[in-house]
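This briefing goes through one protein chain topic by topic. Please look over the sequence and the model before reading on.

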Amino acid sequence: MSLEWIIKIISTNGPMFLRGAGLTLLIAMVGTVLGSIIGLLIGVVRTMPIPEKGIGRVIQKIINWILSAYVEFFRGTPMIVQAMVIYYGSALAFNIDMNRLGAAMFIVSINTGAYMAEIVRGGIVSIDQGQFEAAQALGMNHLQTMMNVVLPQVVRNILPATGNEFVINIKDTSVLNVISVNELFFATKSVAGNNFRYFESFFIACILYFIMTFTVTRILRFIEKKLDGPANYNMTGNQMQVEKPEDAIKRAKAMKGL
């Protein structure tokens with residue numbers, strides 16, 4: 001590896017690398033957000049109580065079967081194959097000329113939605129059943145229970161998994177080069193094809209991928225800490241007051257002395 005070549009490649013093709021990295025972040029962000037929305041909707045629908053009888057039971061079972069098929073299909077096939085089928089297959093089978101960027105966002109979104117659906121379903125199932133029963137006792141229906149009681153807790157609980165999906169999407173956008181989306185991998189391949197310095201070119205791409213994933217991970221962990229709130233609380237009457245760490249240590253020592 002030549003440091004001079006790395007500097008030369010960056011100075012000559014820096015804007016191309018940055019455009020590719022920016023497009024990678026855009027696709028990953030849009031795909032993660034839309035995929036999370038899809039996952040939330042599917043998770044809520046699949047956890048709805050099934051009526052004991054009637055046409056509603058049949059309809060809900062059909063809907064659950066369709067959603068299960070969607071989740072299993074997109075979790076069980078590689079994104080690179082999905083990209084080929086959706087972009088080139090739709091053009092051949094239905095004569096649909098899709099925009100490459102739009103197709104890329106659509107592919108990442110529906111792929112992420114399949115994974116997020118299972119993550120959300122697991123988050124909903126993990127909520128204590130007593131909270132559902134308490135909400136029903138207050139007269140809430142399933143949708144009200146989800147919106148007011150369950151989903152606020154689920155969103156917090158699945159935040160690490162959602163962040164992990166975001167990081168995975170940043171890396172997995174590289175497979176979209178098969179449909180000629182000018183993301184970071186495609187841009188790097190073009191640069192390396194021009195100068196024949198594959199090691200140096202892809203070393204630069206590695207650094208850019210690492211910077212993006214590391215930055216996103218740190219931001220998400222900061223958000224998690226903010227949502228967690230202070231570690232120690234002291235209940236006083238009807239108010240919740242934050243207890244300072246030194247006060248907590250003094251109180252613990254006093255109780256131990258007693």
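How do the residues of the lining of the second largest pocket divide into nonpolar, polar and charged? The lining has 6 nonpolar, 6 polar and 2 charged residues. The model discussed here is predicted. Its chain holds 10 helices and 2 strands, and 36% of the 258 residues count as buried.

**Overall architecture**

- In order from the N terminus, the elements are α-α-α-α-α-α-α-α-α-β-β-α.
- Of the contacts between residues at least 6 apart in sequence, 73% link residues at least 24 apart.

**Second largest pocket**

- The volume of the second largest pocket is about 220 Å³.
- Its lining consists of 14 residues, with Thr-47, Pro-49, Phe-132, His-142 and Met-146 the closest to the centre.
- At least two lining residues come from each of H4, helix H5 (129-137) and helix H6 (142-157).

**Largest pocket**

- The largest pocket encloses about 300 Å³ of space.
- Among its 14 lining residues, those nearest the centre are Thr-32, Val-33, Ser-36, Leu-159 and Thr-162.
- Two or more lining residues are given by each of helix H1 (3-46), helix H4 (100-126) and helix H7 (159-172).
- H1 makes the greatest contribution to the lining of the largest pocket, with 5 residues.
- No charged residue lines the largest pocket; the lining is made up of 10 nonpolar and 4 polar residues.

**Nonpolar cores**

- The largest nonpolar core has 21 residues, and the members that touch the most others are Ile-27, Tyr-70, Ile-107, Leu-176, Ile-179 and Val-181.
- H1, H2, helix H3 (79-94) and H4 are the elements that give two or more residues to this core.
- The most residues of this core, 7, come from H4.
- Another core of 16 residues lies apart from the largest one, and its members include Phe-17, Val-191, Tyr-209 and Val-216.
- Leaving out residues up to four places away in sequence, Ile-179 of the largest core touches Ala-83, Tyr-87, Tyr-88, Arg-100, Ala-103, Ala-104 and Ile-107.
- Ile-107, one of the residues that Ile-179 touches, is also among the core members with the most contacts to other members.

**Annotated transmembrane regions**

- An unreviewed UniProt entry carries the annotation "transmembrane region" for residues 20-45, 65-88 and 202-220.
- In the model, residues 20-45 are 100% helix and 0% strand, with 37 Å between the end C-alpha atoms.
- Residues 65-88 are 92% helix and 0% strand, and their end C-alpha atoms lie 28 Å apart.

**Two residues of helix H2**

- Is Asn-64 buried or exposed? Asn-64 counts as buried because its relative accessibility is 13%, and the cut-off for buried is under 20%.
- Asn-64 belongs to helix H2 (residues 55-76).
- Beyond its neighbours within four places in sequence, Asn-64 is in contact with Val-45, Arg-46 and Ile-50.
- Phe-73 also lies in helix H2, and its relative accessible area of 48% makes it partly exposed.
- The C-alpha atoms of Phe-73 and Asn-111 are 9.4 Å apart in space, while the two residues are 38 apart in sequence.

**Loop residues with positive phi**

- Which place does Asn-95 take in the chain? Asn-95 sits in the loop between H3 and H4.
- The phi of Asn-95 is positive, about 60°, although this residue is not a glycine.
- With a relative accessible area of 69%, Asn-95 is exposed.
- Phe-196 is in the loop between helix H8 (184-195) and helix H9 (198-228).
- Phe-196 is not a glycine either, and it has a positive phi of about 60°.
- Phe-196 counts as exposed because its relative accessible area is 64%, and exposed means over 50%.

Terms used. Residues are numbered from 1 along each chain as its sequence is written. This is a predicted model: local features need pLDDT of at least 70, side-chain atom pairs count only at pLDDT 80 or more; totals for chains, interfaces and linings use all residues. Side-chain values use heavy atoms; hydrogens and water are left out. On a 1 Å grid over the protein atoms alone, a cavity is a set of points where a 1.4 Å probe fits but cannot get out, and a pocket is an open set with protein on both sides within 12 Å along at least five of seven lines; lining residues have an atom within 4 Å of a point. Grid points are joined across faces, edges and corners, and a volume is the space filled by probe spheres set on the points. Helices (H or I, at least four residues) and strands (E, at least two) are DSSP runs, numbered from the N terminus. Ala, Val, Leu, Ile, Met, Phe, Trp, Tyr, Cys and Pro count as nonpolar, Asp, Glu, Lys and Arg as charged, and the others, Gly among them, as polar. Buried means under 20% relative accessible area, exposed over 50%, partly exposed in between (1.4 Å probe, protein chains only). Contact means heavy atoms within 4.5 Å. UniProt positions are given in the numbering used here, feature names are shortened, and annotations may be inferred rather than shown by experiment. A nonpolar core is a set of buried Ala, Val, Leu, Ile, Met, Phe, Trp, Tyr and Cys residues joined through side-chain atoms within 4.5 Å.
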